[in-house]
Amino acid sequence: MPAVDKLLLEEALQDSPQTRSLLSVFEEDAGTLTDYTNQLLQAMQRVYGAQNEMCLATQQLSKQLLAYEKQNFALGKGDEEVISTLHYFSKVVDELNVLHTELAKQLADTMVLPIIQFREKDLTEVSTLKDLFGLASSEHDLSMAKYSRLPKKKENEKVKTEIVKEVAAARRKQHLSSLQYYCALNALQCRKRVAMMEPMLGFARGQINFFKKGAEMFSQSMDGFLSSVADMVQSIQVELEVEAEKMRASQQELLSLDEAVYTPDFDVAAPQINRNLIQKAGYLNLRNKTGLVSTTWERLYFFTQGGNLMCQPRGAVAGGLIQDLDNCSVMAVDCEDRRYCFQITTPSGKAGIILQAESRKENEEWICAINNISRQIYLTDNPEAVAIKLNQTALQAVTPVTSFAKKQESPCPSQNMKSSEMENDKIVPKATVIIPEAEQLIAPGTPIQFDIVLPATEFLDQNRGGRRTNPFGETEDATFPEAEDSLLQQMFIVRFLGSMAVKTDNTTEVIYEAMRQVLAARAIHNIFRMTESHLMVTSQALRLIDPQTQVTRANFELTSVTQFAAHQENKRLVGFVVRLSESTGGESLSTYVFESNSEGEKICYAINLGKEIIEVQKAHHLVSEC
């Protein structure tokens, strides 16, 4: 016998859109079967109730048997035997049309009763289980909505515990109802074939046994055909029993799962997070704006495909594009007092969609996966190995290392302006480059600052006491006159990663070491929040500007920037060293690390150009004084 298409019980708990789409096909098939069964039963009842019109009734039955082939069942595969058998029975019914006598009891017991039992037992059971499954799904959605609305701070632990139990109970109830519903739909595919042929088998045998002319009408070949049909029905029954036993065992195994499968955020204390993902799928809550201040959250199924984030609603055949993830950035955000929210930002710096995961593990894995995809790792020959390598590099210990890895230096604008190889056009032999130890660059235990500047509102609040502020959020005085007469003005979108004090500014290796320690600290402490700013490079200073209020968050004189460099592997990382005078009379050195939407070498080139302009202006000033 050919294999019967069936629903996989293992997919019942996930309840993915693919499973729902396949389920709709089975439901459509069950609905078509119900309609056809009702029509077939009406035809048989007409035969039973119209003894005096046997000829007309058997003609209608013959036509109805032939109509099975034209029903266009959604799961019509494997029905070839049924169709061919019904075709043959149609011919037999046409031959029996000449008979006008029938025993009502035999027809009631062997023809009408089986199909009634099939309709009242099997089809009604499927319909009832469908309603129960729908109710369980609705209860699960309502409980998930309550769970998603749990506040992030100062939450009532008792309420949280009750809602978590409610989610687990609803999820278990939905799982149980879906397993029973799937089993019933799978069994219906076999019972359908039996229910179509068994009544006709009883009808034919009743004609042979109770009509005097039956012996003359039915030959030995007909007896053999009926025997083969009976054997086929018996084999289907055996196949059904075996399959039913397998489904019962599988159902028991799936129901014996640990409670953690049903409980969201079960391992919130120490989740096992996979940071090397290059693809991810699962349900998330999508934030939608419905007005100027009102929003709604919709639970949808999301998955990544290449460099794209896709979304597929329940029942949809395929997913649709939501966001292109190439060169995007992602960070955890606070949104409407909801937990586990993160935001995807486009390469241009425009805020994108906000999503909410159902657990801490899912939240961090989605952030890591999108970060990996934004680096276009999926385009490499072995993306999994590349992702593991990059994350291992980021997760190196933040404690000082005993030796510093040697890097091949290449000429670029990030080199220090103090180079003496160009003086008087003399060729200076290159000495052996001695890379200092990490302790010589950064003192052990140096703290890392992850927020270089204050938000715009705090910036304004701190200055309200001693100065008047512009109501539009901009600085009032002419602190930065270079914006008008500067020979150089270039703007870059950057995100601040961290800053720390350093011991020297004689080499760019101090910037690379600071980048390593800042990235490692962010990875180890799960710090994903980054402050986005506009970096204005002029011929006099570096300014960090708030992109929304245009408030200057920080200002560094270009003459105080002694070193600047871009990362040699991650081209979007850039850093610079600033030397500042302290009130005590000494000087301090600090390294600032940023992530840029463009290549870091472009920022280094702009800084280098600004320094060259300063040197030219100094030389011109000296000449004019002479």
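User: Which strands form a hairpin with 2 residues between them, and what is phi in the turn?

Analyst: S5 and S6 form that hairpin. Glu336, in the turn, has a positive phi of about 55°. Strands here are DSSP runs (E, at least two residues), as are helices (H or I, at least four), numbered from the N terminus. Residues are numbered from 1 along each chain as its sequence is written. The model is predicted, so local features need pLDDT of at least 70, side-chain atom pairs count only at pLDDT 80 or more, and totals for chains, interfaces and linings use all residues; side-chain values use heavy atoms, with hydrogens and water left out.

User: How many bridges join S5 to S6, and in which sense do they run?

Analyst: Pairing requires at least two DSSP bridges between two strands. S5 and S6 (residues 338-345) have 6, and they run antiparallel. Cys335 stands opposite Arg338 of S6.

User: Is S5 mostly covered or open?

Analyst: Use relative accessible area: buried is under 20%, exposed over 50%, partly exposed in between (1.4 Å probe, protein chains only). S5 spans residues 329-335 and is mostly covered. Of its 7 residues, 5 are buried.

User: Where else should I look for a positive phi in a residue other than glycine?

Analyst: Start with the general expectation. Most residues other than glycine have a negative phi. Asn327 has a phi near 60°. Asn327 sits in the loop between S4 (320-324) and S5, and is partly exposed at 34%. Gln376 has a phi near 65°. Its loop runs between H8 (360-374) and H9 (383-394). Gln376 is also partly exposed, at 29% relative accessibility.

User: Why is Cys341 not bonded to Cys335?

Analyst: A disulfide is a pair of cysteine sulfur atoms within 2.5 Å. The Cys341 sulfur is 5.2 Å from that of Cys335, its closest cysteine sulfur, so the gap is too far for a bond. The whole structure has 0 disulfides. Cys341 is buried, with a relative accessible area of 2%. Cys368 is buried too, at 7%.

User: How many cavities of 30 Å³ or more are there, and how much space lies in the largest?

Analyst: Rolling a water-sized probe over the atoms shows where empty space is left. A cavity is a set of points, on a 1 Å grid over the protein atoms alone, where a 1.4 Å probe fits but cannot get out; lining residues have an atom within 4 Å of a point. Points join across faces, edges and corners, and volume is the space filled by probe spheres set on them. The count is 5. The largest holds about 100 Å³.

User: Which residues line the largest cavity?

Analyst: Among them are Met144, Tyr147, Tyr283, Asn285, Arg299, Arg339, Tyr340 and Glu358. H4 (104-148), S1 (281-289) and S6 each supply at least two lining residues. By class, the lining has 6 nonpolar, 3 polar and 3 charged residues. Nonpolar means Ala, Val, Leu, Ile, Met, Phe, Trp, Tyr, Cys and Pro; charged means Asp, Glu, Lys and Arg; the others, Gly among them, are polar.

User: What is the strand order in the open sheet of 7 strands, and which strands stand at the edges?

Analyst: The order is S11-S10-S9-S8-S14-S13-S12, with antiparallel pairing. S11 (552-557) and S12 (561-566) are the edges. Each has a single partner strand, so one side of each lacks a neighbour in the sheet. Twist averages 30° from one strand to the next.

User: How many bridges pair S10 with S11?

Analyst: S10 (residues 541-545) pairs with S11 over 5 bridges, in the antiparallel sense. Ala541 has Glu557 of S11 as its bridge partner.

Terms used. On a 1 Å grid over the protein atoms alone, a cavity is a set of points where a 1.4 Å probe fits but cannot get out, and a pocket is an open set with protein on both sides within 12 Å along at least five of seven lines; lining residues have an atom within 4 Å of a point. Axes are lines fitted to C-alpha atoms, for helices over the stretch in contact, and angles run from 0 to 180 degrees between N-to-C directions.
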